[in-house]
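Colleague: Can you pull up the model and take me through the ligand sites and the sheet?

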Amino acid sequence: MRPGLFDELLELTLDHIWLCSLAMLFAVLIAVPLGILISRRVSLQAPVLAFANVLQTIPSLALFGFLIPIPVIGGIGRRTAIVALILFALLPILRNTVVGIQSVDAAVRESALAMGLSPWQLLTMVELPLSVRSILTGIRIATVTTIGTATIAAAIGGGGLGVFIFRGVASVDTTLILAGAVPAALLALAADWGLGWIEQKLSPFSS
Amino acid sequence: MTVEYRDVCYRIGDRMILDHLNLRVEEGETLVLLGRSGSGKTTALKMANSLISSTSGTVLVDGKPTTGWDPVRLRRSIGYVIQDVGLFPHYTVQRNVGLVPELEGWPADRIAARTEELLDKVGLDPGLYGPRYPRQLSGGQRQRVGVARALAADPSLLLFDEPFGALDPVTRVELQRQFLELRRTFGKTSLFVTHDVHEALKLGSRIALLSEGRLVQDLPPAEFLKSSHPEARAFLECLN
Ligand SMILES: Nc1ncnc2c1ncn2[C@@H]1O[C@H](COP(=O)(O)OP(=O)(O)OP(=O)(O)O)[C@@H](O)[C@H]1O
Ligand SMILES: [Mg+2]
């Protein structure tokens with residue numbers, strides 16, 4: 001092993017995790033409430049989902065590029081990378097929140113109202129517990145994608161394991177490319193497994 | 001509590017679901033809404049607890065238009081057995097039954113005692129069925145839990161939408177008997193929907209017959225039996 005490679009690997013891996021965690025945290029904080037909102041306002045649903053859809057179809061490198069000239073959120077560096085990752089993560093969480101809430105049985109919703117639950121109680125006691133699984137699936141899908149996409153963040157100075165990959169590509173160094181790609185893949189697998197486990201645990205009743 | 005429908009219409013598109021309904025349910029009375037499938041029974045019932053708003057006309061509960069009530073207060077004082085039961089799938093049977101007492105902030109031991117009492121009353125062993133989830137019950141058992149849930153917080157008005165529909169004839173008769181007993185002891189005002197004329201005659205202090213959204217008869221059971229209205233006759237012919 002090349003000297004210093006291991007230390008740098010550790011550092012970039014932690015950096016990668018930090019980058020993805022921060023992006024996912026904001027994505028969840030935006031997408032879940034927004035999903036709840038548009039599950040109630042059907043007229044907003046189509047435009048919001050379409051917008052999130054468009055965001056996701058933009059090639060990731062291009063989106064990173066588009067953001068650079070934008071003031072405040074743009075520029076070269078970490079902030080831009082996180083913003084782009086958040087935008088990419090929105091759609092699966094948004095969609096699964098809406099699907100989860102809308103799949104609550106109409107009779108259950110109606111009886112909840114008939115028992116005198118307030119709209120807030122309907123949300124927290126019935127709709128969210130019954131859609132927690134669907135929402136978590138959305139978060140898991142988004143996380144796995146984000147871990148992969150985050151390797152491209154290095155292109156605009158976002159850091160993370162992509163640093164190895166880009167350096168490896170530039171110097172035609174396969175070892176270096178693998179040193180970036182393999183840990184990223186392992187992180188994605190670990191996230192998939194870990195979040196899948198939480199999904200099972202948190203589902204309102206195991207089926 | 002009293003319920004009064006004043007010239008109530010409900011229209012979907014250009015279809016009249018309820019057509020100028022005028023009906024008054026007095027304190028302590030059991031009014032049975034009888035009618036064929038699609039005649040508007042459920043629609044009329046859901047107006048009493050404001051799940052549906054009328055297109056025109058007024059529904060008054062305790063003399064006050066439902067639009068003037070805080071919907072949460074109104075619904076907490078009304079027990080409702082919904083036709084499709086609608087138990088919370090993520091709550092156990094006992095928590096489902098204790099839902100309204102829980103919302104009303106009863107202490108835990110009082111909720112537990114009340115839940116046990118009610119499950120017993122609807123013929124479900126509280127120790128055996130209390131900890132189960134709704135999906136672990138049969139359709140008829142779920143329906144009984146629905147009845148228990150509606151009664152839990154001692155509401156002053158009861159709305160029953162075919163509560164005994166999915167029960168075997170023996171349990172059905174047993175629950176009808178309990179219903180009559182409940183009425184005798186507590187004298188609660190009830191609106192009871194059914195399309196079973198037997199049940200209507202047995203439970204109702206008055207029978208209101210709906211046909212295509214219109215009220216065509218409104219009589220005590222003894223007089224209903226003698227009615228000459230064709231729709232009433234059609235139902236009475238089912239008796240033999
Ligand atoms: N949301 C709706 N959209 C369109 N039509 C509706 C809606 N709800 C009810 N209806 C129609 O209104 C009529 C009355 O329905 P309602 O549920 O009150 O009947 P019901 O007397 O309770 O029948 P059942 O005995 O089968 O339960 C029916 O013809 C039904 O198709
Ligand atoms: Mg009905």
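Modeller: Below are notes on the metal site, ligand 1 and one sheet.

Modeller: This is a predicted model, where local features need pLDDT of at least 70, side-chain atom pairs count only at pLDDT 80 or more, and totals for chains, interfaces and linings use all residues. Residues are numbered from 1 along each chain as its sequence is written, chains are lettered from A and ligands numbered from 1 in the order in which they are written, and side-chain values use heavy atoms, without hydrogens and water.

Colleague: Which residues coordinate the magnesium ion (ligand 2)?

Modeller: Thr42(B) through OG1 and Gln83(B) through OE1, at 1.9 to 2.4 Å. Donors are N, O and S atoms within 2.8 Å of the metal (3.2 Å for Na, K and Ca), and since water is not among the atoms, the site may look incomplete.

Colleague: Where in the chain do Thr42(B) and Gln83(B) sit?

Modeller: They are 41 residues apart, with Thr42(B) in helix α1 (residues 41-48) and Gln83(B) in the loop between β6 (78-81) and α3 (93-97) of chain B. Helices (H or I, at least four residues) and strands (E, at least two) are DSSP runs, numbered from the N terminus.

Colleague: Why does Thr42(B) count as partly exposed?

Modeller: Because its relative accessibility is 22%; buried means under 20% relative accessible area, exposed over 50%, and partly exposed in between (1.4 Å probe, protein chains only). Gln83(B), at 34%, also counts as partly exposed.

Colleague: Switching to ligand 1. Which residues come nearest?

Modeller: Ser37(B), Gly38(B), Lys41(B), Thr42(B) and Thr43(B), out of 14 around the ligand. A residue is near if one of its heavy atoms lies within 4 Å.

Colleague: What polar contacts go to oxygen atoms of ligand 1?

Modeller: Among them, a polar side-chain atom of Lys41(B) at 2.7 Å, a backbone N or O atom of Gly38(B) at 2.8 Å, and a polar side-chain atom of Glu162(B) at 3.2 Å. A polar contact to the ligand is a pair of N or O atoms within 3.5 Å.

Colleague: Which element gives the most to the shell around ligand 1?

Modeller: α1(B), with three residues.

Colleague: And the sheet, what is the strand order?

Modeller: The open sheet of four strands runs β2-β1-β4-β5 in chain B, with antiparallel pairing. β2 and β5 (64-65) stand at the edges with a single partner strand each, so one side of each has no neighbour in the sheet. Two strands pair if DSSP finds at least two bridges between them.

Colleague: How many bridges between β1 and β4?

Modeller: Five, between β1 (residues 3-12) and β4 (residues 56-61) of chain B. Val3(B) has Val61(B) as its bridge partner in β4(B).

How values were computed:
Polar contact = N/O pair within 3.5 Å; in protein donor to acceptor, adjacent residues only side chain to side chain.
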